[in-house]
Amino acid sequence: MYEGLDTVILYEELAYEDVLPVAWRPLPEPFDPALVGSFADRNLRVLQAVSALDEHGQIEKPDENAPHAADIQRLEMKMNLLLDMVGALLIASRPRPKATAVRFNALGGVFQGTAPYPPLGNQGVFEVYLRDSVADPLRLFGRIASVSPDGKIKVRFVPPGENISDLLEKLAFRKHRRQVAGVRQPKK
């Protein structure tokens with residue numbers, strides 16, 4: 001049964017899609033192995049942080065008769081508020097690129113670029129800020145695979161490694177699952 005929701009696909013794999021701050025940073029050839037390793041460690045931490053932020057506690061309806069259910073719910077709301085405030089401070093102190101529509105997975109990404117567009121085959125780093133409360137962006141090495149006349153830039157990533165690929169796949173899956181759940185929720 002079609003529920004009015006399209007699965008987001010890129011390079012024939014499930015992809016994460018959102019409107020986020022994105023940048024393309026050209027790099028000289030070849031990639032510096034020390035830089036690649038440094039980015040891999042940071043990417044792992046960024047994706048683990050985003051995964052922890054995405055966890056929403058219990059999936060089942062909380063037992064309202066539990067002795068501390070209301071206290072835990074209030075603490076969780078306060079933590080979310082604190083994270084939002086920290087994110088606002090981070091953005092104010094470290095300006096980010098302009099937010100644009102982006103779609104990506106472990107294989108590549110597509111985003112709306114700004115002129116002057118990078119040349120086809122250009123090597124660089126795709127940077128995307130996944131959450132306001134996470135200071136570092138996700139940084140993935142790649143090459144420009146195509147640039148459309150209207151500025152849609154398609155990047156093909158260098159394989160980021162199994163751990164990062166798995167976390168990217170889980171990130172895309174969680175987003176897709178939330179979208180499907182939102183469609184299936186009855187309107188109130």
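**A six-stranded barrel and its surroundings**

Arg139 sits in strand E7, where strands (E, at least two residues) and helices (H or I, at least four residues) are DSSP runs numbered from the N terminus. This is a predicted model, in which local features need pLDDT of at least 70 and side-chain atom pairs count only at pLDDT 80 or more, while totals for chains, interfaces and linings use all residues. Residues are numbered from 1 along each chain as its sequence is written, and side-chain values use heavy atoms, with hydrogens and water left out.

Arg139 turns out to be buried, at a relative accessible area of 14%. Here buried means under 20% relative accessible area, exposed means over 50%, and partly exposed is in between (1.4 Å probe, protein chains only). Setting aside neighbours within four places in sequence, Arg139 is in contact with Phe39, Arg42, Asn43, Val125, Phe126 and Glu127; contact means heavy atoms within 4.5 Å. With one of these, Arg42, the separation along the chain is 97 residues, yet the two C-alpha atoms are 8.3 Å apart.

Now for the overall layout. The chain holds three helices and eight strands, and read from the N terminus the elements go β-β-β-α-α-β-β-β-β-β-α. Six strands close into a barrel, in the order E3-E4-E5-E8-E7-E6, with antiparallel pairing. On average, neighbouring strands of this sheet are turned by 45° against each other, direction ignored. Helix H1 (residues 33-54) packs on the sheet, where it touches strand E6 (123-128) and strand E7 (138-147), and its direction makes about 105° with that of E7. For such angles, axes are lines fitted to C-alpha atoms, for helices over the stretch in contact, and the values run from 0 to 180 degrees between N-to-C directions.

What holds the strands of a sheet together? They pair through backbone hydrogen bonds, either parallel or antiparallel. Two strands count as paired if DSSP finds at least two bridges between them. E6 has a partner on each side of the barrel order, between E3 and E7. Strand E3 (residues 16-26) is joined to E6 by five bridges, running antiparallel, and Trp24 has Phe126 as its bridge partner in E6. E6 and E7 are also antiparallel, with six bridges joining them; here Phe126 has Leu140 as its bridge partner in E7. Six of the six residues of E6 are buried, so this strand is largely enclosed by the rest of the structure. Elsewhere in the barrel, three bridges join E4 to the antiparallel E5, and Val102 finds its bridge partner in Phe111 of E5.

The loop between strand E4 (99-104) and strand E5 (108-112) is where Ala106 is found. Is Ala106 buried or exposed? Ala106 is buried, with a relative accessible area of 16%. Beyond neighbours within four places in sequence, its contacts are Phe157, Pro160, Ser165 and Leu168. The C-alpha atom of Ala106 is also 9.6 Å from that of Leu10, a residue 96 positions away along the chain.

Some backbone details stand out in the loops. Pro116 lies in the loop between E5 and E6, and a cis peptide bond joins Ala115 to Pro116, with omega at about -5°. Tyr11 lies in the loop between strand E1 (9-10) and strand E2 (13-14), and Glu12 is found there too. Tyr11 has a phi near 50°, a positive value in a residue other than glycine, and Glu12, likewise not a glycine, has a positive phi of about 60°. As for cover, Tyr11 is partly exposed at 21% relative accessible area, whereas Glu12 is exposed at 75%.

On the surface, Met79, Leu81, Leu82, Met85 and Val86 form a nonpolar patch, with about 460 Å² of accessible area together. Patches are made of residues with over 30% relative accessible area and no salt bridge, joining like charges within 9 Å and nonpolar side chains (Val, Leu, Ile, Met, Phe, Trp, Tyr) within 5 Å. A salt bridge is a side-chain nitrogen of Lys or Arg within 4 Å of a carboxyl oxygen of Asp or Glu. Met79 itself is in helix H2 (residues 69-93) and is partly exposed, with a relative accessible area of 46%.

For the chain as a whole, about 12100 Å² is exposed, and carbon and sulfur atoms supply 57% of it. Accessible areas come from the Shrake-Rupley method with a 1.4 Å probe; for residues, only the protein chains shown count as cover. Of the 188 residues, 34% count as buried. Among contacts with a separation of 6 or more, 77% are between residues 24 or more positions apart.
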